[in-house]
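Here's a quick look at the empty spaces in this protein and at one of its helix pairs. Have the structure open and follow along.

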Amino acid sequence: MAGLVLKLRAGERMLVNGAALESSGRAACLRVLTPGADILRMRDAIDPADAATPVGRLTHLVQLVVAGLAPREAALAEAGAHLAALQEVFRCGPDRAALARIADHLAGGRAYPALRLLRELRAREARLLALARGA
């Protein structure tokens, strides 16, 4: 059976198509069968104050779309501009491939997989920024 599988801890919160849900009691495993459902686990969300880097700002923008707080078309056009700028900065093959997959996910209306890749790219960005500060 196809679908996105989410593993939630007890008490974990998430947004699904703008509705806030909470896992009550025990941990849960959910399968989302609706393609293109907007899902954001709150543990994956970043605070606007923490969106101070280029990848962080893109992540926050995608989160706003998922939460229904930003108009989808305008935000996705802005996300495309962010991705184009990031292609100029991230030069190694895996990072560029991740950016291409993020663009594909966003173009296809699949925000959750885009957010998962952005989380990985934010970690890479943090390592690069730490190296630059240490140099």
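In this predicted model, helix H4 gives the most to the lining of the largest pocket, with 3 residues. The lining has 13 residues in total, and Leu4, Thr34, Pro35, Gly36 and Ala37 are the ones nearest the pocket's centre.

There's an enclosed space too: searching the whole structure turns up 1 cavity of 30 Å³ or more. Its walls come from Val62, Val65, Arg72, Leu76, His105, Leu106, Gly109, Arg110 and Ala111. Helices H1 (54-66), H2 (72-89) and H3 each put at least two residues into that lining.

Here are the two spaces by volume and by class of lining residue:

| Space | Volume | Lining residues by class |
|---|---|---|
| Largest pocket | about 170 Å³ | 9 nonpolar, 3 polar, 1 charged |
| Largest cavity | about 40 Å³ | 5 nonpolar, 2 polar, 2 charged |

Now for the helix pair. How do H3 and H4 pack? H3 (residues 93-107) and H4 (residues 111-134) sit with their axes 9 Å apart, at an angle of about 155°. Since an angle over 145 degrees counts as roughly antiparallel, that makes H3 roughly antiparallel to H4. Their crossing is left-handed.

On the H3 side, the residues that touch H4 are Asp95, Ala98, Leu99, Arg101, Ile102, His105 and Leu106. H4 answers with Pro113, Ala114, Leu117, Leu118, Leu121 and Arg124. Sorted by class, this contact has 9 nonpolar, 1 polar and 3 charged residues. His105 and Leu106 are worth a second look: they meet H4 and also line the largest cavity.

Methods
Residues numbered from 1 in each chain as written. Predicted model: local features only at pLDDT ≥ 70, side-chain atom pairs only at ≥ 80, totals over all residues. Heavy atoms only, no water. Axes fitted to C-alpha atoms, helices over the stretch in contact; angles between N-to-C directions. Helix = DSSP H or I, 4+ residues; strand = E, 2+ residues; numbered from the N terminus. Parallel < 35°, antiparallel > 145°, perpendicular 65-115°, else oblique. Left-handed = near helix turned anticlockwise from the far one by under 90°. Contact = heavy atoms within 4.5 Å. Nonpolar A, V, L, I, M, F, W, Y, C, P; charged D, E, K, R; others polar. 1 Å grid on protein atoms, 1.4 Å probe; cavity = no way out; pocket = protein on both sides within 12 Å on 5 of 7 lines; lining within 4 Å. Points joined across faces, edges and corners; volume = space filled by probe spheres on them.
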